[in-house]
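Reader: I've got the sequence and the model open side by side. Mind walking me through some of the packing?

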Amino acid sequence: MKPHYIEVAESWLTGNFDAQTKEEVKALMAGDPAVLEDAFYRNLEFGTGGLRGVMGVGTNRMNKYVVGMATQGLANYIKANVKRDNLSVSISFDSRNHSAEFARISAEILAANGLDVHIFESLRPTPELSYAIRANKSIAGIMVTASHNPAEYNGYKVFWEDGAQITSPVDKDIVAEVNKIADPSQILYKAPCGAKAGKITVMGKEMDEKYIGDILSLLLSPEVRAKHSDIKFVYTPLHGTGVKIVPECLERLGFKNVYHVPEQDVNDGNFPTVISPNPEEASALKMALEVADKEKADIVLATDPDADRMGIAIRDNEGRMTLMNGNQTASILTYYILTRWKELGKLNGSKYIVKTIVTTELLREIAESFGVKCYNVLTGFKYIAEVVHNNEGKGEFICGGEESYGFNVGEFVRDKDAPIACSMLAECAAWAAEQGKTLYQLLQDIYAKYGYRREALSSVVRKGKTGAEEIAAIMENLRNNPPKDLAGKAVVKVIDYLETAKTGLPKSNVLQFFSDGGDVVTVRPSGTEPKIKFYFGAKGPDADTIVESLKSQFAL
């Protein structure tokens with residue numbers, strides 16, 4: 001009996017696939033069986049970031065057929081479940097290889113199914129797509145991106161009418177529709193005879209202007225921006241979409257000295273100047289840091305290819321550029337925003353912030369010190385957006401962040417937003433300068449007030465089918481045999497996020513261990529990458545030593 005993956009691969013040789021695809025399948029079948037198995041052993045699934053995978057032929061790869069079947073499934077779900085006139089879907093894409101092609105194919109399929117489409121004329125950030133969905137009153141949105149993954153990846157994020165990425169049960173119902181489509185012959189590329197095709201409308205500068213205008217309306221300190229407009233910034237989009245929006249925002253905020261990394265302003269899906277276009281990784285900011293030292297810049301801002309994540313570097317007390325992690329950046333921004341909201345008389349009992357369970361508890365402590373409620377949600381910005389949606393008419397979202405370099409302010413966009421974060425961070429730098437401080441010194445003030453924090457992340461990569469099985473075994477072992485101590489301190493609490501009755505949150509394959517010293521370790525498999533992630537957190541003067549000990553304790 002043939003293995004299932006071989007039967008699936010053979011179906012691509014006889015199905016409605018083009019000749020080039022069939023030749024590529026034949027080449028896989030003549031090569032390494034493990035590679036063939038990984039390409040066909042399953043269908044790509046929606047995780048915390050949607051559909052994402054390595055580009056190539058196969059059901060477990062990103063290609064025009066997988067994208068086509070996903071889009072047809074989305075169209076079928078909309079037509080079956082949404083009963084209203086003038087249904088539309090908004091679409092954007094990033095700089096990755098095939099992103100524009102996948103976006104165009106998606107638009108054509110949706111139009112063939114009678115749905116109107118708003119598609120950007122060229123690449124635009126994920127947060128602008130979220131914004132456009134709401135501006136266009138679309139029922140859904142598609143963003144073709146693999147965010148900060150390496151060049152061989154691409155992906156397909158689906159958003160719903162509130163501008164947020166889909167959550168349960170909509171995500172599961174859409175996947176169910178996608179899984180009903182077994183062959184490209186089931187995809188509509190042209191409207192059936194007698195049926196009306198949807199209209200495809202191109203978006204461009206007009207939507208940019210609306211988006212930038214609303215970003216600027218969120219800013220809090222125009223007078224200090226004017227006084228400190230000479231602060232020097234280096235900005236890099238890491239070959240991605242941020243170059244379309246971020247420099248324009250900084251210019252309109254009045255900052256006069258914004259230096260670029262010209263080689264990285266070029267949109268290129270091969271990301272030729274970096275190992276990985278991820279602002280979480282120090283190597284991705286290497287060229288920007290060199291420009292900063294050359295120009296004696298104060299701050300480096302970097303955004304990932306779809307411009308939803310922001311990484312920064314700032315000068316320390318000795319004048320050296322120091323990279324900030326996502327927890328530190330979110331803490332600086334949250335403290336600044338809440339301080340200014342309080343000074344402006346904008347705080348009352350209905351205002352709130354949101355963080356994810358793997359993000360520093362410092363955000364909660366900052367919020368509580370201002371009398372502001374802090375929600376704690378599962379990993380993934382879609383869960384932050386879900387809180388915002390559920391609180392519409394009952395409370396006002398101030399800001400929210402996650403350790404993975406995502407931050408957002410206000411309710412215009414329902415996803416993490418690097419253009420907003422860059423703009424707010426730049427203004428925060430001016431506000432700190434007005435007090436005679438750098439951003440680094442502001443962070444030290446925050447630590448002095450709330451206690452020093454140290455967080456760290458370790459990711460263990462396990463690729464392919466065997467890797468997925470190994471990650472599952474690691475989680476099972478930790479679930480059945482939890483650690484007795486963390487860095488020598490007794491474990492006093494274990495939270496298993498599969499137990500929804502205890503957490504009050506949707507079921508998620510996440511474990512958290514807490515020590516009697518307040519230290520925490522969180523373990524979760526990535527929903528979008530072949531990784532298992534270990535998050536470490538400690539508070540107090542010995543936090544650095546504790547985190548290093550925890551990293552050794554959980555090393556694989």
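Reader: First up, is Lys 351 buried or exposed?

Author: Quick caveat: this is a predicted model, so local features need pLDDT of at least 70 and side-chain atom pairs count only at pLDDT 80 or more, while totals for chains, interfaces and linings use all residues. Residues are numbered from 1 along each chain as its sequence is written, and side-chain values use heavy atoms, with hydrogens and water left out. Buried means under 20% relative accessible area, exposed over 50% and partly exposed in between (1.4 Å probe, protein chains only). Lys 351 comes out at a relative accessible area of 7%, so this lysine is buried.

Reader: Which side chain makes a polar contact of 3.2 Å with that of Lys 351?

Author: A polar contact is a pair of N or O atoms within 3.5 Å; within protein, one must be able to donate a hydrogen and the other to accept it, and residues adjacent in sequence count only if both atoms are side-chain atoms. The backbone oxygen of Lys 346 qualifies, at 3.4 Å from a polar atom of the Lys 351 side chain. The side-chain partner at 3.2 Å is Asn 348.

Reader: Lys 346 came up there; which ring does Lys 346 lie over?

Author: A charge sits over a ring if NZ of Lys or CZ of Arg is within 6 Å of the ring centre and within 35 degrees of the ring normal. Lys 351 touches both Lys 346 and an aromatic residue, among others (contact means heavy atoms within 4.5 Å). Lys 346 lies 4.1 Å from the ring centre, over the face of Trp 341.

Reader: On to ring pairs: how far apart in sequence are the parts that Tyr 335 and Tyr 450 tie together?

Author: Rings of Phe, Tyr and Trp (its six-membered ring) pair if their centres lie within 6.5 Å; planes under 30 degrees apart count as stacked, over 60 as edge-to-face and the rest as tilted. The structure holds 15 such pairs, and Tyr 335 with Tyr 450 is edge-to-face, at 6.4 Å centre to centre and 75 degrees between the planes. Tyr 335 is in helix H13 and Tyr 450 in helix H17 (helices, H or I, at least four residues, and strands, E, at least two, are DSSP runs numbered from the N terminus). The pair therefore ties together parts that are 115 residues apart in sequence.

Reader: How are the rings of Phe 536 and Phe 554 arranged?

Author: Phe 536 is buried at 3% relative accessible area, and Phe 554 is buried at 9%. Their ring centres are 6.2 Å apart and their planes at 50 degrees, so the pair is tilted.

Reader: What are the edge strands of the sheet E8-E7-E9-E10-E11?

Author: Two strands pair if DSSP finds at least two bridges between them. This open sheet has 5 strands with mixed pairing; E7 and E9, for instance, pair in the parallel sense over 4 bridges. The edge strands each pair on one side only, and they are E8 and E11.

Reader: Which helix lies across E7, E9 and E10 at about 170 degrees to E9?

Author: Axes are lines fitted to C-alpha atoms, for helices over the stretch in contact, and angles run from 0 to 180 degrees between N-to-C directions. Helix H12 runs at about 160 degrees to E7. The helix at about 170 degrees to E9 is H16.

How values were computed: Contact means heavy atoms within 4.5 Å. Lists of a residue's contacts leave out its neighbours within four places in sequence.
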